[in-house]
Amino acid sequence: MESLPFITVEGPIGIGKTSLAKAISEHFHYHLLKEIVDENPFLEKFYQNIDEWSFQLEMFFLCNRYKQLEDIKENFLFFKKPVVADYHIFKNLIFAKRTLKEEQYFKYLKIFQILTEGMPQPNLVIYLNASLDTVMERIKMRGREFEKNISSDYIKQLSVDYQKFMDDFKLTHPDIPVLHFNGDELDFVKNSNDLNYILDKITLTLQEGAKIHGTSK
């Protein structure tokens, strides 16, 4: 199972994770795994009152992402098809640590550890980030009703949390390569050259990984 590519795309809200994951899926003919967002009944309430609705929101996301990861086990085992996802389940800890009260977080962490034990691990993580202005503009452009109440302060702090988490991730998971792309410098949605640059980097990284694991042809 580990020899099949499993790519996850991560970064703050509105950075373009789904757009890039879709482009990767189409280019490499991988199965596309998209996180469930709009179906979360607590999202709009959460952005109106973070303290009141954060635990319900995070538990909904955790359970749905757990179910999706369970499903892709079959994709690997029976269909032998690589996967690209527009999220990594570790994002749950980034959001939960920021929004949950301390007692809630420790309860949540125990549940997270139980559910994710033995889950498929990516062999390539793509990390996207950008300046606050760029992220806020992209959130505005996609026009999701439940995101209209997102504050710039929340996004700014979330970006800091992501950067710290990714710095720690590189230290604790040295065997999983991380490709970092800056959304202020690359517009892979509107610029095909930027997209091709990213796809070439992914191809090279996958080829290097295949050589290390002795699976290259």
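Helices (H or I, at least four residues) and strands (E, at least two) are DSSP runs, numbered from the N terminus. With that in hand, Gln 68 can be placed in helix α3 (residues 50–79).

Welcome to this predicted model, in which local features need pLDDT of at least 70, side-chain atom pairs count only at pLDDT 80 or more, and totals for chains, interfaces and linings use all residues. Residues are numbered from 1 along each chain as its sequence is written, and side-chain values use heavy atoms, with hydrogens and water left out.

**Three residues to find**

Burial is a good place to start: buried means under 20% relative accessible area, exposed over 50%, and partly exposed in between (1.4 Å probe, protein chains only).

| Residue | Element | Relative accessible area |
|---|---|---|
| Gln 48 | helix α2 (residues 43–48) | 53%, exposed |
| Gln 68 | helix α3 (residues 50–79) | 11%, buried |
| Asn 129 | strand β4 (residues 124–129) | 16%, buried |

Two of these have a polar contact to look at, that is, a pair of N or O atoms within 3.5 Å; within protein, one must be able to donate a hydrogen and the other to accept it, and residues adjacent in sequence count only if both atoms are side-chain atoms. The side chain of Gln 68 pairs in this way with that of Tyr 87 at 2.7 Å. For Asn 129, the side-chain partner is His 180, at 2.9 Å.

Contact in general means heavy atoms within 4.5 Å. Not counting residues up to four places away in sequence, Asn 129 touches several residues, including Pro 12, Ile 15 and Gln 163. With neighbours within four places likewise set aside, the contacts of Gln 68 include Leu 33, Glu 35 and Tyr 87. As for Gln 48, its C-alpha lies 9.1 Å from that of Phe 146, although the two are 98 residues apart in sequence.

**Two helices**

Helix α4 (residues 91–99) is largely enclosed by the rest of the structure, because seven of its nine residues are buried. Among them are Leu 93, Ile 94 and Phe 95.

Helix α7 (residues 152–172) has 21 residues and reaches 30 Å from its first C-alpha to its last. That is close to the expected 30 Å, a span defined as 1.5 Å times one less than the number of residues. Its buried residues include Tyr 154, Ile 155, Leu 158 and Tyr 162. An α-helix has 3.6 residues a turn, so residues three or four places apart point the same way.
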